[in-house]
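Please open the structure in your viewer and keep the selection panel at hand. The tour goes through the enclosed spaces and then to the ligand.

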Amino acid sequence: MAGDLKFPANFLWGTATSPTQVEGHVVNEWTDYVAADGGHCRVACDHYHRYQEDVDWMALLGVNAYRMGIEWSRLQSAPFAPLNQTELARYVHLLDCLKAANITPMVVLHHFSNPPWITAAGGWLNPAALPAFVDYAAKLSAALKERVYLWNTFNEPNTYASLTYLLGGFPPFLKWRFLSYRKVIKHMAEAHAQASRAIRQNKFARAPEIGIAKNWTSFGAFQAFALWDHLLAEISHHAFNRFVLDEFLGGAQREASTFLGVNYYGRARLNHFQALVPTNNVPAERLKELGIVSDDMFERHPTGFGKLLKKFHQRYGLPIYITEHGAASSDEDFRIRDLSAHLLELHAAINHGVDVRGFFYWSLLDNFEWQFGYTKKFGLLSVDFSDQKLPRKMTRVGEFYRGICQSRETAA
Ligand code: FCB
């Protein structure tokens, strides 16, 4: 049982959200977006107004860390503008509520959304995004240096760049623009390095830790003989994993990061060029027939998690935070089994000497899951979106995770 495992005493047991997915009332490229289920993010979980209640829920869950985004579009109305003091004060209050509940924040600077003036200027294809982002990082870190030491510059740069410019899933919905994909990754990697230098300029209450969150999907061929699928898997691995890690962590760039954030959900196996995952519209019955275990998004692959952690440890030698892991399903037993299996792998990796310092369950709340709207249930707390009051309710997965978080007290 994962609940009986001992983790390091100072391990961060957290949960995660992102502004566009939970806050509501954001003005960015997602504001007018209508998801596959007809949902939009205009109110989402109304976390913007209800963060105090949500911190109380976190305290009840027993988490000691929270990975949260700060929405850039709220804080700067133009490049190099001073920070909006009212919006800043709201985030500061949220951070103070977290502190009062003994919850350590990790702040994400970019999580799939941009201020409208960045979008209007061509987004991350325009090199002008770099100095603007670095200015934001510099000002925000100066404002929060007493309260925040864990800084996550970019969330899943390759998910962002591929869904915007290769797969047409995120605004501006472009497809097969390989050069654009490449350019966005290069710009973000450079912005990460510069932002890291800017953040370190501050005198922090506690030495800052800075990193990106890399989403890791492993790609493979479903049928051993299908050479074409092996080839496509290799190309995907190169484009979405190797190239991205080289840009962010290769050569001199390595110094920009003090940790590596890992978002791990599972793998994608290819069958005649088709990825066998629910997000690719492969029906659940078909996956079952093929013996593929998946949640409502990806094929699950817990053993790949352990292997990945060892690989990252050997290759980069950086401390690791699991910045996201979770499963979307209405079957709570499945989610509990999935979490357990991944925590067993995590525990084994730590025992093997991998320096993992925290785990952030995705997500605190059921929320606006980008293209899919409100149909993917990831929350430790469920949210009833049919009720205007958006009531939160503890799930059984939440109870299970609470048990894990509490066990940290007895950890050796
Ligand atoms: C990750 C994203 C997060 C959420 C989860 C399910 O790729 O970072 O916002 O969508 O997947």
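How many cavities of 30 Å³ or more does a search of the whole structure find? The search finds two, a cavity being a set of points, on a 1 Å grid over the protein atoms alone, where a 1.4 Å probe fits but cannot get out.

This is a predicted model, in which local features need pLDDT of at least 70 and side-chain atom pairs count only at pLDDT 80 or more, while totals for chains, interfaces and linings use all residues. Residues are numbered from 1 along each chain as its sequence is written, and side-chain values use heavy atoms, with hydrogens and water left out.

Select Ile70, Glu71, Leu109, His111 and Ser113 to begin: of the 13 residues lining the largest cavity (lining means an atom within 4 Å of a point), these are the closest to its centre. That cavity holds about 60 Å³ of space, and strand 3 gives the largest share of its lining, three residues.

Next, select strand 2, which contributes three residues, the largest share, to the lining of the second largest cavity. This cavity has about 40 Å³ of space, and its lining includes His47, Tyr66 and Tyr91.

Finally, select the ligand, whose surrounding residues (a heavy atom within 4 Å) include His111, Trp362 and Phe378. Polar side-chain atoms of Asn155 and Glu324 each lie 2.9 Å from an oxygen atom of the ligand, and one of Glu369 lies 2.8 Å from a ligand oxygen atom. Taken alone, the ligand exposes 300 Å², of which the protein buries 93% (Shrake-Rupley method, 1.4 Å probe).

Terms used
A polar contact is a pair of N or O atoms within 3.5 Å; within protein, one must be able to donate a hydrogen and the other to accept it, and residues adjacent in sequence count only if both atoms are side-chain atoms. On a 1 Å grid over the protein atoms alone, a cavity is a set of points where a 1.4 Å probe fits but cannot get out, and a pocket is an open set with protein on both sides within 12 Å along at least five of seven lines; lining residues have an atom within 4 Å of a point. Grid points are joined across faces, edges and corners, and a volume is the space filled by probe spheres set on the points. Helices (H or I, at least four residues) and strands (E, at least two) are DSSP runs, numbered from the N terminus.
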